[in-house]
There are 2 protein chains.
Amino acid sequence: MLNLRHIQEAMVRIRDSIFVSPFVYSETFSQLTGNTAFFKLDNLQMTGSFKERGALNKILLLTAEEKQRGVIAASAGNHAQAVAYSATRGYGADVILVGANYDETCDAALKRCAEQDLTFIHPFDDEAVIAGQGTLGLEMLEQQSGLDAVLVPIGGGGLIAGVACAFKETNPGIQVIGVQTSKLPSMKAAREHNGIVTVPTAKTIADGIAVRTAGTLTFPMVQKYVDDIVVVDEEEIASAILLLLEKEKTLTEGAGATATAAALHKKIPHRGKKLGIVNSGGNIDVTLLSRIIERGLVKDGRLVRLRIHLPDHPGALVRLSTVIADQKANIIQTSHDRAYYGAVLGDTVIDVTMETRGPDHIADLTAALEAANYLSERVQ
Amino acid sequence: MLNLRHIQEAMVRIRDSIFVSPFVYSETFSQLTGNTAFFKLDNLQMTGSFKERGALNKILLLTAEEKQRGVIAASAGNHAQAVAYSATRGYGADVILVGANYDETCDAALKRCAEQDLTFIHPFDDEAVIAGQGTLGLEMLEQQSGLDAVLVPIGGGGLIAGVACAFKETNPGIQVIGVQTSKLPSMKAAREHNGIVTVPTAKTIADGIAVRTAGTLTFPMVQKYVDDIVVVDEEEIASAILLLLEKEKTLTEGAGATATAAALHKKIPHRGKKLGIVNSGGNIDVTLLSRIIERGLVKDGRLVRLRIHLPDHPGALVRLSTVIADQKANIIQTSHDRAYYGAVLGDTVIDVTMETRGPDHIADLTAALEAANYLSERVQ
């Protein structure tokens with residue numbers, strides 16, 4: 001089994017080529033979690049995730065002949081990007097889109113690998129890759145002393161296997177807690193069954209850790225070094241992404257935000273402790289981000305849709321919009337309907353979507369509408 | 001006039017309380033600008049902007065009696081937050097919302113200041129504040145050697161006055177370039193008129209630098225130390241915010257993104273140089289961010305709306321949506337209309353908003369619609 005020395009050697013190998021990402025104190029998350037919270041921002045790595053560490057260590061360990069033949073990787077994105085970057089330093093790799101999910105992609109890559117005699121770089125189940133990922137743990141130890149516990153996302157287990165080994169072999173007193181999405185808790189299931197199992201396929205915003213089967217190398221390391229595994233759901237991940245963006249000014253992908261979500265939503269019993277939270281990646285599609293922001297605003301009451309009954313005659317909208325303007329709510333969308341939503345004949349129903357300052361502002365707004373004799377209800 | 005020694009003294013004073021923000025290399029922006037580009041990420045400062053530096057230095061220089069009486073600040077947000085944070089370390093300040101713009105707010109603050117005998121902490125026109133902001137320049141000098149030029153946002157001029165002094169008094173060979181929004185180019189106007197002028201009021205997404213009149217202390221320092229001032233427009237700022245988010249994984253407010261916008265949109269002649277770009281703040285409302293993302297997606301062709309003529313009978317939408325689904329475009333909104341947009345009788349017109357992969361994908365999509373005999377046009 002891999003040990004601390006391998007990780008230290010990986011560190012020497014990759015140190016000059018990897019960004020030593022900040023490990024920064026967060027006042028907001030310290031207050032929210034009741035701990036002293038630090039974020040390890042590996043989403044700021046050049047390709048936007050920690051995956052460069054393992055990929056580069058693996059590539060630097062290839063023989064001249066293996067390098068000559070070339071490498072191949074299968075990935076949801078981060079690992080392949082990291083391999084391409086490490087191999088070419090210019091993303092000059094062939095990118096082939098195959099498969100509807102990681103398993104199909106992986107099968108296709110293995111087939112091509114055999115046909116063209118390439119070296120397959122596994123995203124997690126490879127000792128050189130795990131040792132590379134472990135350097136993230138060594139950096140955290142160098143950057144902050146006195147940590148009580150660290151929270152690390154788990155997909156296939158490559159990151160946590162390396163990081164947990166680095167921590168536990170240096171200081172066994174530091175707790176290492178893994179975090180998975182509740183949609184694909186493959187490592188947690190393996191732990192509960194005391195053996196690797198395959199969990200059903202599922203869609204998750206944490207696509208970077210959507211791995212159905214724990215690794216054969218990573219699972220024993222997790223058993224040896226990891227204290228606990230907790231899960232977070234989709235809403236919890238989304239709220240962590242939004243809070244990291246608003247308060248920490250940092251962009252995090254779903255998988256990368258799982259450890260933060262676990263701390264934020266009190267999945268761990270720690271209070272008054274010094275916590276290291278790994279933010280493992282930032283490669284999120286901005287379209288998805290825009291949806292997460294919008295849902296978050298609706299949830300916080302900063303965006304609200306009211307369905308309002310309106311007399312169907314000229315000028316009716318002037319009066320209604322005056323009431324709304326007086327409350328300083330900003331209308332961003334309206335839609336009229338005469339025939340639906342139980343509108344009585346001669347009335348129309350209008351859905352008004354508005355930006356507000358939150359629940360108190362919405363209460364003022366609905367009170368003002370009621371005072372002006374409008375029948376309104378909130379659309380969820 | 002303020003000199004380097006004041007800034008060095010400020011550094012000693014505030015060093016332990018201020019986050020030494022990362023000054024990081026960006027491969028993406030190096031390629032896009034044809035230079036070697038580094039970002040100074042002061043948006044990661046505790047209150048989300050560089051303003052803490054000046055506010056803290058000022059507060060630490062107050063006499064015991066001044067501290068006892070209390071302080072007051074007027075601000076679009078960042079400066080007041082920084083003052084409150086520095087004064088109380090827990091945001092325990094009274095926050096009073098007065099005025100429709102900075103000038104009105106400032107007048108109200110000065111009035112209350114006189115009434116209650118408080119110490120007014122000016123956001124930029126104060127030597128202690130300027131010296132504090134200058135520490136950002138000293139940090140950049142410590143963090144990266146060999147810089148050819150630095151780009152710094154300008155509002156009232158407090159940041160650039162301090163930073164330019166720090167650079168020029170240390171190494172006059174480093175060019176210092178200021179960046180303003182074209183909506184409120186008050187410092188640029190002062191330079192052109194060789195005297196302070198007040199520019200007309202204007203709305204800008206760079207609200208943090210929406211200052212109509214340059215400072216009486218900052219203007220002479222800008223004249224002495226700053227090599228050039230360039231301006232960027234609203235679209236350029238928005239695209240910089242989006243690119244900083246997508247590529248650098250960092251959240252930047254409008255004012256904070258102006259220096260990046262100047263580099264990105266080639267407002268400076270530099271090529272092959274080592275550039276330091278100051279990202280001065282990250283306090284942007286996520287509602288505004290969501291709009292910037294959406295507009296950016298439309299501009300990039302990753303979000304498109306097509307107006308399509310459709311026969312008005314059952315099943316018509318099935319056939320249309322099959323054509324769209326075959327092209328793997330994701331429909332996110334539709335709206336039907338029978339009577340407008342020049343629909344012939346018996347036809348309906350549908351606006352379909354879709355997520356796409358960009359211009360090539362849109363071309364494929366419209367070709368497929370044409371092949372299936374649909375009349376369509378793009379809605380801008």
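User: Let's start at the chain contact. What makes Glu355(A) and Arg291(B) a salt bridge?

Analyst: Happy to walk through it; keep in mind that this is a predicted model. The closest N and O atoms of Glu355(A) and Arg291(B) are 3.0 Å apart. The cut-off is 4 Å between a side-chain nitrogen of Lys or Arg and a carboxyl oxygen of Asp or Glu, so the pair qualifies. Between chain A and chain B the count is two salt bridges, and there are 10 residue pairs in polar contact.

User: Which parts of chain A supply the side that touches chain B?

Analyst: At least two residues each come from β1 (23–26), α11 (234–248), α13 (286–300) and β10 (330–337) of chain A. The largest share, eight residues, belongs to α13(A). By class, this side of chain A has 13 nonpolar, nine polar and nine charged residues.

User: How much area is buried between chain A and chain B?

Analyst: About 2400 Å², with carbon and sulfur atoms giving 63% of it. Of the area that chain A buries against chain B, 26% is supplied by Glu27(A), Lys249(A) and Val286(A), more than any other three residues. The contact takes 31 residues from chain A and 31 residues from chain B.

User: How do you know that the two copies are related as by a two-fold rotation axis?

Analyst: Chain A superposes on chain B by a rotation of 180° with 0.0 Å of shift along the axis, at an RMSD of 0.1 Å. The two copies are therefore related as by a two-fold axis. Thr250(A) is the residue of chain A that comes closest to this axis, with its C-alpha at 2.4 Å.

User: And how do you know that the copies meet through the same surface?

Analyst: Because 100% of the interface residues of chain A are also interface residues in chain B.

User: Why is Arg302(B) called buried?

Analyst: Its relative accessible area is 18%, and buried means under 20%, so Arg302(B) falls inside the limit. Arg302(B) sits in the loop between α13 (286–300) and β9 (303–311) of chain B. Beyond its sequence neighbours, its contacts include Val286(A), Glu246(B) and Met354(B).

User: What makes the pair of Arg302(B) and Glu246(B) a tie between separate parts of the chain?

Analyst: The two residues form a salt bridge, with the closest N and O atoms 3.0 Å apart. Glu246(B) is in helix α11 (residues 234–248) of chain B and Arg302(B) in the loop between α13 and β9, so the bridge ties together parts 56 residues apart in sequence.

User: Are Lys58(A) and Asp126(A) buried or exposed?

Analyst: Lys58(A) counts as buried at 17% relative accessibility, and Asp126(A) is buried too, at 11%. Lys58(A) and Asp126(A) form a salt bridge whose closest N and O atoms are 2.8 Å apart. The pair links distant parts of the chain, 68 residues apart: Lys58(A) is in helix α3 (residues 51–60) of chain A and Asp126(A) in the loop between β4 (119–120) and α7 (127–143).

User: Where do Glu115(A) and Lys111(A) lie?

Analyst: Both are in helix α6 (residues 102–116) of chain A, four residues apart, which is about one turn of the helix. Both residues are exposed. Their closest N and O atoms are 3.4 Å apart, in a salt bridge.

User: Last one: why is Leu303(A) called buried?

Analyst: Leu303(A) has a relative accessible area of 9%, and the limit for buried is under 20%, so the label fits. Leu303(A) belongs to strand β9 (residues 303–311) of chain A, and its contacts beyond sequence neighbours include Leu297(A), Val298(A) and Ile332(A).

Terms used:
Residues are numbered from 1 along each chain as its sequence is written. Chains are lettered from A and ligands numbered from 1 in the order in which they are written. This is a predicted model: local features need pLDDT of at least 70, side-chain atom pairs count only at pLDDT 80 or more; totals for chains, interfaces and linings use all residues. Side-chain values use heavy atoms; hydrogens and water are left out. Contact means heavy atoms within 4.5 Å. Buried area is the accessible area (1.4 Å probe) that two parts lose on being put together, summed over both. A polar contact is a pair of N or O atoms within 3.5 Å; within protein, one must be able to donate a hydrogen and the other to accept it, and residues adjacent in sequence count only if both atoms are side-chain atoms. Ala, Val, Leu, Ile, Met, Phe, Trp, Tyr, Cys and Pro count as nonpolar, Asp, Glu, Lys and Arg as charged, and the others, Gly among them, as polar. Buried means under 20% relative accessible area, exposed over 50%, partly exposed in between (1.4 Å probe, protein chains only). Copies are superposed by least squares on the C-alpha atoms of residues with pLDDT of at least 70 in both. Lists of a residue's contacts leave out its neighbours within four places in sequence.
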